[in-house]
Amino acid sequence: MTARVLRLADIDAAGLEALLRVRGLMLAWLAPQADIPGSYWGEAEAGLVDDRLYVRADTPVHSALHEACHWLCMDASRRAGLHTDAGGDDLEECAVCYLQIVLADRLPGVGRRRLMQDMDAWGYSFRLGSAQAWFEQDAADARAWLVARGLLPAD
């Protein structure tokens, strides 16, 4: 990472907790420097185990949203055995990225523009070169996937 990305300590994380709680995913806060259970990427990156999203204050906001969106995109049978690797195919991964961008607008102090900048800074890779270009010009299939599963409205 070259640019500084937003961390959970930089925002009022109560909004994230509320956003996830109503959907059945619980945010589990860990002490600084604690190992994060279920973290696919290690270090400060968010981790998923069952219905828990494990984070620390230094967890990047984009990481927490990304892993949360993996959980939101899963059916109950996949959630039941969830530990670390969310799985899914390429289209689901795109849907996860799309949903995390949309949900960023519901977090005060974040918003989609900042989240997309952080995604680029972290190293997400998109065909059009940036998260914003992909989201605005090449993500119709991801949006359709989310609409078909009732995760986004059709309009």
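**Entry 1: helix α5**

I take helices as DSSP runs of H or I with at least four residues, and I number them from the N terminus. The model I have open is a predicted one.

I went to helix α5 to begin with, which covers residues 111-122. I checked its length: at 1.5 Å a residue, its 12 residues should span 16 Å, and I find the end C-alpha atoms 17 Å apart, which agrees. Just after α5, I noted that Gly123 takes a positive phi of about 120 degrees.

Which residues of α5 are buried? I listed Gly111, Leu115, Met116, Asp118 and Met119. Looking down the axis of α5, I see these buried residues fall within an arc of 160 degrees, so they line one face of the helix. A reminder to myself: an α-helix has 3.6 residues a turn, so residues three or four places apart point the same way. I then looked at what covers the buried residues of α5, and the cover includes α2 (61-73), α4 (90-104) and α6 (131-137).

**Entry 2: helix α2**

Since α2 is part of that cover, I looked it up next. Its 13 residues should span 18 Å at 1.5 Å a residue, and its end C-alpha atoms are indeed 18 Å apart. How many of the residues of α2 are buried? I count 13 of the 13, so α2 is largely enclosed by the rest of the structure.

**Entry 3: aromatic rings**

I get a count of 7 aromatic pairs. One of them joins Trp41 and Trp122 edge-to-face, with 5.3 Å centre to centre and 80 degrees between the planes. Trp41 sits in the loop between β1 (26-29) and β2 (47-49), while Trp122 belongs to helix α5, so this pair ties together parts that are 81 residues apart in sequence.

Are the two partners buried or exposed? I find Trp41 exposed, at 51% relative accessible area, and Trp122 partly exposed, at 24%. Both belong to one aromatic cluster, together with Tyr40, Tyr98, Tyr124, Phe126, Trp134 and Phe135.

I also looked at Trp71 and found Arg79 over the face of its ring, 3.7 Å from the ring centre.

**Entry 4: the nonpolar core**

The largest nonpolar core has 47 residues, and I noted Leu53, Val61, Tyr98 and Trp134 as those with the most contacts inside it. Which elements give two or more residues to this core? My list is α1 (14-21), β3 (52-55), α2, α4, α5, α6 and α7 (140-148). Helix α4 gives the most, with 9 residues. Tyr98 and Trp134 turn up in the aromatic cluster as well as among the core residues with the most contacts.

I followed Leu53 a little further. Leaving out residues up to four places away in sequence, Leu53 touches several others, among them Leu20, Leu27, Leu48, Ala64, Glu67 and Ala68.

**Entry 5: two acidic residues**

Glu92 is in helix α4. At 6% relative accessibility, I count Glu92 as buried, because the cut-off is under 20%. With the residues up to four places away set aside, Glu92 touches His70, Cys73, Arg78, Gly87 and Trp145.

Where is Asp138? I found Asp138 in the loop between α6 and α7, partly exposed at 23% relative accessibility. Setting aside residues up to four places away in sequence, I see Asp138 touch Arg127, Leu128 and Ala133. As a last look, I took Asp138 with Leu65: their C-alpha atoms are separated by 21 Å, and the two residues are 73 apart along the chain.

How values were computed: Residues are numbered from 1 along each chain as its sequence is written. This is a predicted model: local features need pLDDT of at least 70, side-chain atom pairs count only at pLDDT 80 or more; totals for chains, interfaces and linings use all residues. Side-chain values use heavy atoms; hydrogens and water are left out. The expected span of a helix is 1.5 Å times one less than its number of residues. Buried means under 20% relative accessible area, exposed over 50%, partly exposed in between (1.4 Å probe, protein chains only). The arc is that of the directions from the helix axis to the C-beta atoms. Contact means heavy atoms within 4.5 Å. Rings of Phe, Tyr and Trp (its six-membered ring) pair if their centres lie within 6.5 Å; planes under 30 degrees apart count as stacked, over 60 as edge-to-face and the rest as tilted. A charge sits over a ring if NZ of Lys or CZ of Arg is within 6 Å of the ring centre and within 35 degrees of the ring normal. A nonpolar core is a set of buried Ala, Val, Leu, Ile, Met, Phe, Trp, Tyr and Cys residues joined through side-chain atoms within 4.5 Å.
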